[in-house]
Amino acid sequence: MDFSIFRKKNNQIDISDLDFRKMPRHIAIIMDGNGRWAKKRGMPRYFGHRAGVETVRRVVKFCAKLNVPYLTLYAFSTENWRRPQEEVNVLMNLLVEYIEKETDELNREGVRLTVIGEISELPEKARIALAQGIEKTCHNNRLNLILALNYGGRREIVEAARKIAYEIKNGKLSPEQIDEKVFANYLYTKEFPDPDLLIRPSGEIRISNFLLWQIAYSEIWLTDVLWPDFSEEHLLQAIKDYQKRERRFGGVNYP
């Protein structure tokens with residue numbers, strides 16, 4: 001690994017006690033605090049969203065350098081449509097801008113772009129940009145970047161139940177066959193492992209309808225830092241804390 005990427009202009013990120021044998025395979029992040037970040041600076045909310053995009057760039061690149069296989073970012077929830085239309089438009093435009101500007105960099109870093117959520121309900125321009133970004137990065141295998149867009153955990157579970165009901169109705173599945181493994185194959189995330197580490201910035205202490213099924217045994221790391229201020233050092237701190245935890249998955253680890 002090229003550790004030069006951990007060096008900054010005036011300091012060096014300390015990775016001396018990072019155990020690369022115990023890295024989380026899948027990190028999920030609820031990106032939160034953009035609006036409050038802008039408000040604290042007397043600026044419109046969209047300044048915070050744009051600053052948040054810069055954090056996305058840093059975090060994605062850093063995860064790729066750390067060889068984290070999966071990174072899921074909660075980018076736009078099903079509830080976010082309730083925000084003012086102007087703000088929704090800004091978020092969709094930033095999404096398009098990010099994909100158009102960053103696809104080449106994603107390819108250089110070996111990042112494969114994937115999306116979960118009800119994408120068909122997004123604006124056409126966003127759908128086109130996403131389709132192009134997914135196609136252009138589909139052969140990369142260093143990091144799977146999973147954007148949760150128009151995503152809601154309850155909706156995902158309901159949609160999975162509906163699909164299973166149709167399968168039973170059409171004779172392709174029987175109720176006796178349904179277990180957790182079968183059910184998980186009807187979720188948006190069927191291709192990915194469950195998150196090992198869930199990160200929530202901004203000081204909020206809630207899940208916000210994010211990956212409700214998948215985070216059953218995820219380790220949760222909270223910070224008061226607003227998303228635009230979230231840095232590589234914060235990510236490293238979260239990973240180091242994760243590595244200190246004993247994951248028992250409901251069982252008991254005997255000495």
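**Entry 1: Asp196**

I take buried to mean under 20% relative accessible area. The model I am examining is predicted. I looked up Asp196 and found a relative accessible area of 13%, so I record Asp196 as buried. Asp196 sits in the loop that runs between α6 (180-184) and β5 (197-200). I then listed the contacts of Asp196, leaving out residues up to four places away in sequence: Pro24, Arg25, His26, Ser218, Glu219, Tyr242 and Arg247.

**Entry 2: the annotated positions**

I consulted the UniProt record, an unreviewed entry, which gives the feature "binding site" at Asp32 and Glu219. Of these residues, I find Asp32 in the lining of the largest pocket. I note again that Glu219 is among the contacts of Asp196.

I placed Asp32 in the loop between β1 (26-30) and α1 (34-40). Is Asp32 buried or exposed? The relative accessibility of Asp32 is 16%, and I therefore enter Asp32 as buried. With residues up to four places away in sequence set aside, I find Asp32 touching Arg200, Pro201, Ser202, Glu204, Leu226 and Trp227.

**Entry 3: salt bridges within helices**

I counted the salt bridges of the structure and obtained 20. Side chains of opposite charge can pair when their charged atoms come close. I examined three of these pairs individually.

In the first pair I looked up, the side chains of Arg57 and Glu54 form a salt bridge at 2.2 Å, N to O. Arg57 and Glu54 are three residues apart in helix α2 (residues 45-65), so about one helical turn separates them. I looked up the accessibility of each partner. Arg57 has 19% relative accessibility and is therefore classed as buried, the cut-off being under 20%. Glu54, with a relative accessible area of 37%, is partly exposed.

I turned next to Lys101 and Glu97, whose side chains meet in a salt bridge at 3.4 Å, N to O. They are four residues apart in helix α3 (residues 85-108), and I note a separation of about one helical turn. The relative accessible area of Lys101 is 55%, so I class Lys101 as exposed.

The side chains of Arg162 and Glu159 also meet in a salt bridge, at 2.9 Å, N to O. Because Arg162 and Glu159 are three residues apart in helix α5 (residues 153-169), about one helical turn lies between them. Arg162 is partly exposed, with a relative accessible area of 39%. Glu159, at 21% relative accessibility, also counts as partly exposed.

I then traced salt bridges that share partners, and these join Asp32, Arg36, Arg200, Glu204 and Arg206 into one network.

**Entry 4: Arg206**

I followed the network to one of its members, Arg206. Arg206 lies in the loop between β5 and β6. The relative accessible area of Arg206 is 47%, so I record this residue as partly exposed. Leaving aside neighbours within four places in sequence, I find Arg206 in contact with Ile30 and Arg200. I also looked up the distance from Arg206 to Leu222, which is 16 residues away along the chain, and the C-alpha atoms are separated by 9.8 Å.

**Entry 5: a nonpolar surface patch**

Which residues form a nonpolar patch on the surface? I list Ile205, Ile220 and Leu222, which together have about 300 Å² of accessible area. I located Ile220 in strand β6 (residues 219-222). Ile220 has 38% relative accessibility and therefore counts as partly exposed.

**Entry 6: positive phi**

Most residues other than glycine have a negative phi. I looked up two residues with positive values.

Asn67 is a residue other than glycine with a positive phi near 60°. I placed Asn67 in the loop between α2 and β2 (70-77). At 43% relative accessibility, Asn67 is entered as partly exposed.

Ser202 is not a glycine, yet I find a positive phi of about 85°. Ser202 belongs to the loop between β5 and β6, where I have also placed Arg206. The relative accessibility of Ser202 is 6%, so I class Ser202 as buried. I recall from the second entry that Asp32 touches Ser202.

Key: Residues are numbered from 1 along each chain as its sequence is written. This is a predicted model: local features need pLDDT of at least 70, side-chain atom pairs count only at pLDDT 80 or more; totals for chains, interfaces and linings use all residues. Side-chain values use heavy atoms; hydrogens and water are left out. Patches are made of residues with over 30% relative accessible area and no salt bridge: like charges are joined within 9 Å, nonpolar side chains (Val, Leu, Ile, Met, Phe, Trp, Tyr) within 5 Å. Accessible areas come from the Shrake-Rupley method with a 1.4 Å probe; for residues, only the protein chains shown count as cover. A salt bridge is a side-chain nitrogen of Lys or Arg within 4 Å of a carboxyl oxygen of Asp or Glu. Buried means under 20% relative accessible area, exposed over 50%, partly exposed in between (1.4 Å probe, protein chains only). UniProt positions are given in the numbering used here, feature names are shortened, and annotations may be inferred rather than shown by experiment. On a 1 Å grid over the protein atoms alone, a cavity is a set of points where a 1.4 Å probe fits but cannot get out, and a pocket is an open set with protein on both sides within 12 Å along at least five of seven lines; lining residues have an atom within 4 Å of a point. Contact means heavy atoms within 4.5 Å.
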